[in-house]
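Me: I'm new to this one. Can you walk me through how its pieces fit together?

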Amino acid sequence: MYRLGILITGSRDFKDYDFVRSLFFPYMKRYKKENVILYEGNSPGVESLSKEIAKEFGWKVKSFPSKFKIHGKKADIVKNIEMIDDFYMNKSIQEKLVIGL
């Protein structure tokens, strides 16, 4: 059971590590590390920064890499749909937060 689930998605060009860390920091203080799960799309930019920070905080990370060999140009869209569906259907998450950058 997770008290908090965070889903983050955004620009591949986003590189502001300190900004992302500042977004997550209040949740790191508020929740025990084993009670937080981060959903991210395994892409460069905001998602890879988020994954790195979540691991630094000791949070569980669930990644959804794009499957270009299977879905071609639609891979990122399919990945985002799968990630969002999984996030919202996960009954073990009590509080949910979505961040788009």
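Me: In what order do the four strands of the open sheet sit?
Reply: Strands are DSSP runs of E with at least two residues, helices are runs of H or I with at least four, and both are numbered from the N terminus. Two strands pair if DSSP finds at least two bridges between them. Here the pairing is parallel, and the order of the open sheet is E3-E2-E1-E4.

Me: Is this model predicted, and what should I know about the numbers?
Reply: It's a predicted model: local features need pLDDT of at least 70 and side-chain atom pairs pLDDT 80 or more, while totals for chains, interfaces and linings use all residues. Residues count from 1 along each chain as its sequence is written, and side-chain values use heavy atoms, leaving out hydrogens and water.

Me: Which strands stand at the edges of the sheet?
Reply: An edge strand has a single partner, so one of its sides is left without a neighbour in the sheet. That goes for E3 (60-63) and E4 (93-100).

Me: Which residue in E3 stands opposite Tyr39?
Reply: Strand E2 (residues 36-40) runs parallel to E3, and four bridges join them. Opposite Tyr39 you'll find Lys62.

Me: At what angle do H1 and H2 cross?
Reply: Axes are lines fitted to C-alpha atoms, for helices over the stretch in contact, with angles from 0 to 180 degrees between N-to-C directions. The axes of H1 (residues 17-30) and H2 (residues 46-57) come within 10 Å. They cross at roughly 40°.
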